[in-house]
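Me: I would like to learn how to read a sheet and its cysteines in a structure that is new to me. Could you take me through it step by step?

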Amino acid sequence: MFGNQLESLKEEVPRRIEALRSLMSENKIEAVLILQRVDLYYFTATAQEGALYIDKKREMFFIKKYAPRASEESPLDVIEISSLKEIPSFLPQKPKLLGLELDVVPAELFFELKRIFPQAEFKNVSPLILKLRMVKSPCEIELIKEAAQIASFALEKVPHILREGMSELELAGELLRLIMPKGHQEYIRMRGFNREAHSWHVISGKSGTILSHIDAPMGGFGPSPAYPMGASLKPIGKNEVVLVDLSTCFWGYHSDQTRCFSIGKLPELLKRGYEVCRKIANVLAKEARPGGSAQWFYKRAKSIAEEEGFGDYFLGPKPYQTKFVGHSIGLEISEPPFLALGHDYPIQEGMTLSIEPKMVFPDLGAVGIENTYLVSSEGLVPLTSAKEDLIEVLE
């Protein structure tokens, strides 16, 4: 059923494992045990349940379920097990220092692993894995491009779908109806405890001024207090801004794109704010170069917003303004590097970045734009292609 994409991912597996081995050697890590599904997919080309053990000389791919499918999808030899407790019996020697993804491994599983490997000291290997994942291969870039094209297709349809009185969730559902047949994965992956994401961050009018638990300029009402972010049952009215932040995922790789719409004319303050956001995104894309600091993006964006007289609205209402203007994107929707204050490390050629300047205007709503870019030697190349104009649908 799966064609060229799977073969391309299979070809990448040996290189990725060797690159991790090199980082393990530099950091004096004897062995690692990879358990998180996204990282397993990165290093094995399959997301079946199991664990990948890597030491200096060998890799051993253990699968609990479903071994036949894992064997078809991964180039690695599969060892079928019924429990993680069986792993030590396959190892020629027990590691004394074992790397784990300690940012995502649940406490219960961690304590189980301590019983399985009683002789081992554990070290967090997630920073090394995320470092490897920052720079994307040509295959990964093509998958992100495809995700971006799916989002662009749907956003171009919004003016034809949008109507007065429909709820935010209804518009979100219409967008899902468009992107699912294109291969959109629907489930958006975020790393970490209590981190949730969805494709349908659709907010209109006052919804754009509602903050929530997420570290973002705006949260939205959400369907209920149980899921207090994104689209809600609020009807979309005339002359209010509709912000559509559409995340799409193809073969595990994400794209992020935001555009703004309205039914009827918008207040000039909102339109001017949107144009400033658009200017910020375009200036950052034009001026950025490999080797520049990740926090430069935030500082440069903030300076433009202040120069244009919109500093009080930039990245949320005072005193809750966020300190980031973007993030890397790939197998998870938000990955390092983060384009944020305090993140003083260089961006590199081959990274994929989402830049999302946004503004919140009390009692009016939120505006903003977001594109996903590839870092090239000459600057940022957009992978998203929906028209950037703020579209007022006039009857």
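The dialogue below turns to a sheet and then to the cysteines of this predicted model.

Me: In what order do the strands of the open sheet lie, and what is the pairing?

Reply: One reads a sheet by following its strands from neighbour to neighbour. Here 4 strands make up an open sheet with the order 7-8-9-17, and the pairing is mixed. At the edges lie strand 7 (200-204) and strand 17 (391-393), each of which pairs on one side only. On average, and with direction ignored, neighbouring strands of this sheet are turned by 25° against each other.

Me: In which sense do strand 7 and strand 8 pair, and which helix packs on the sheet there?

Reply: Strand 7 pairs with strand 8 (residues 241-250) in the antiparallel sense, over 5 bridges, and Val-202 has Val-244 in strand 8 as its bridge partner. Helix 8 (residues 168-179) packs on the sheet and touches both strand 7 and strand 8, its direction making about 145° with that of strand 7.

Me: How many disulfides does a search of the whole structure find?

Reply: To count as a disulfide, two cysteine sulfur atoms must lie within 2.5 Å, and a search of the whole structure finds 0 of them. The closest cysteine sulfur to that of Cys-139 belongs to Cys-249 and is 13 Å away, so the two are too far apart for a bond. Cys-260 is likewise in no disulfide, with the nearest cysteine sulfur, in Cys-277, 7.8 Å away.

Me: Are Cys-139 and Cys-260 buried or exposed?

Reply: A residue counts as buried when its relative accessible area is under 20%. Cys-139 is therefore buried, because its value is 14%, and Cys-260 counts as buried at 0% relative accessibility.

Key. Residues numbered from 1 in each chain as written. Predicted model: local features only at pLDDT ≥ 70, side-chain atom pairs only at ≥ 80, totals over all residues. Heavy atoms only, no water. Pairing = 2+ DSSP bridges. Helix = DSSP H or I, 4+ residues; strand = E, 2+ residues; numbered from the N terminus. Axes fitted to C-alpha atoms, helices over the stretch in contact; angles between N-to-C directions. Contact = heavy atoms within 4.5 Å. Buried < 20%, exposed > 50% of the residue type's maximum accessible area, 1.4 Å probe, protein only.
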